[in-house]
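The report below goes through one protein chain, from its overall build to a few individual residues. Please keep the sequence and the model at hand while reading.

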Amino acid sequence: QVELVESGGGLVQPGGSLTLSCAASGSIFALNALGWYRQAPEKERELVATINSGGGINYADSVKGRFTISRDYIPNTVYLQMNNLKPEDTAVYYCNARGYDATRTVFDSWGQGTHVTVSS
């Protein structure tokens with residue numbers, strides 16, 4: 001079982017910054033991709049940014065130039081640095097991890113979510 005624990009959400013004023021962290025633990029053989037998704041009230045969950053095992057990175061157009069995704073390998077942690085935050089960034093942010101567990105079974109795990117509120 002793979003567990004993801006997120007931290008770093010909160011309330012910030014427009015133009016401010018926050019950094020989200022997500023630590024992956026459990027029986028992990030390989031992590032193919034780590035990413036961040038978000039879901040605003042009454043909206044579908046959407047991709048924010050992903051980083052794969054080869055270092056390839058993908059961002060949603062709405063966050064390009066403002067958000068940066070990065071990862072550490074020991075321990076398995078993914079970060080989302082968010083700058084110049086806007087009210088439309090307000091959402092619950094979810095960490096996602098995909099890979100193979102110790103039994104070589106594919107997993108696709110989600111964190112519990114962390115709230116980000118951008119408001120003056």
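A contact, as the word is used here, means that heavy atoms lie within 4.5 Å. By that criterion, and not counting residues up to four places away in sequence, V48 touches W36, Y37, R38, N58, Y59, A60, V63, F67, L80 and Y93. The model is a predicted one, and every value in this report is to be read with that in mind.

**Overall build**

The chain contains 11 strands and zero helices, so that the order of elements from the N terminus on is β-β-β-β-β-β-β-β-β-β-β. For 120 residues a compact globule would be expected to have a radius of gyration near 14 Å, and the chain agrees with this because its own value is 14 Å. The C-alpha trace spans about 50 × 25 × 25 Å along its principal axes. Of the contacts between residues at least 6 apart in sequence, 54% join residues that are at least 24 apart.

As for the surface, 42% of the 120 residues count as buried, while the accessible surface comes to about 6,400 Å², with 49% of it belonging to carbon and sulfur atoms. The chain carries 9 positive and 11 negative side chains, and the centres of these two sets lie 5 Å apart.

**The nonpolar core**

In soluble globular proteins, nonpolar side chains tend to be buried together. In this chain the largest nonpolar core has 30 residues, of which W36, L80, M82 and Y93 touch the most other members. Two or more residues are given to this core by each of β1 (2-7), β3 (18-26), β4 (28-39), β5 (46-52), β7 (67-72), β8 (77-82), β9 (91-101) and β11 (114-118).

Y93, with residues up to four places away in sequence again left aside, touches E6, L20, W36, Y37, R38, V48, F67, L80, M82, G113, T114 and V116. V48, which appears in that list, is placed in strand β5 and counts as buried because its relative accessibility is 0%, under the limit of 20%. The C-alpha atoms of V48 and I69, which are 21 residues apart along the chain, are separated by 9.3 Å.

**Loops and backbone geometry**

Where is the cis peptide bond that leads from I74 to P75 placed with respect to the strands? P75 lies in the loop between β7 and β8, and the bond itself has an omega near -5 degrees.

Two residues that are not glycines have a positive phi, namely E42 and R104; their values are set out below.

| Residue | Phi | Loop | Relative accessibility |
|---|---|---|---|
| E42 | about 65 degrees | between β4 and β5 | 87%, exposed |
| R104 | about 70 degrees | between β9 and β10 (106-110) | 48%, partly exposed |

E42 counts as exposed because its 87% is over the 50% limit, whereas R104, at 48%, counts as partly exposed.

The loop between β9 and β10 also holds A102, which at 45% relative accessibility counts as partly exposed. Which residues does A102 touch, not counting those up to four places away in sequence? They are S27, I28 and F29. A102 and Q1 are 101 residues apart along the chain, yet their C-alpha atoms are separated by 9.0 Å.

Note on methods: Residues are numbered from 1 along each chain as its sequence is written. This is a predicted model: local features need pLDDT of at least 70, side-chain atom pairs count only at pLDDT 80 or more; totals for chains, interfaces and linings use all residues. Side-chain values use heavy atoms; hydrogens and water are left out. Helices (H or I, at least four residues) and strands (E, at least two) are DSSP runs, numbered from the N terminus. The radius of gyration is taken over C-alpha atoms; the globule rule is 2.2 Å times the number of residues to the power 0.38. Buried means under 20% relative accessible area, exposed over 50%, partly exposed in between (1.4 Å probe, protein chains only). Accessible areas come from the Shrake-Rupley method with a 1.4 Å probe; for residues, only the protein chains shown count as cover. Lys and Arg count as positive and Asp and Glu as negative; His and the chain ends are not counted. The place of a charge is taken as NZ of Lys, CZ of Arg, CG of Asp or CD of Glu. A nonpolar core is a set of buried Ala, Val, Leu, Ile, Met, Phe, Trp, Tyr and Cys residues joined through side-chain atoms within 4.5 Å.
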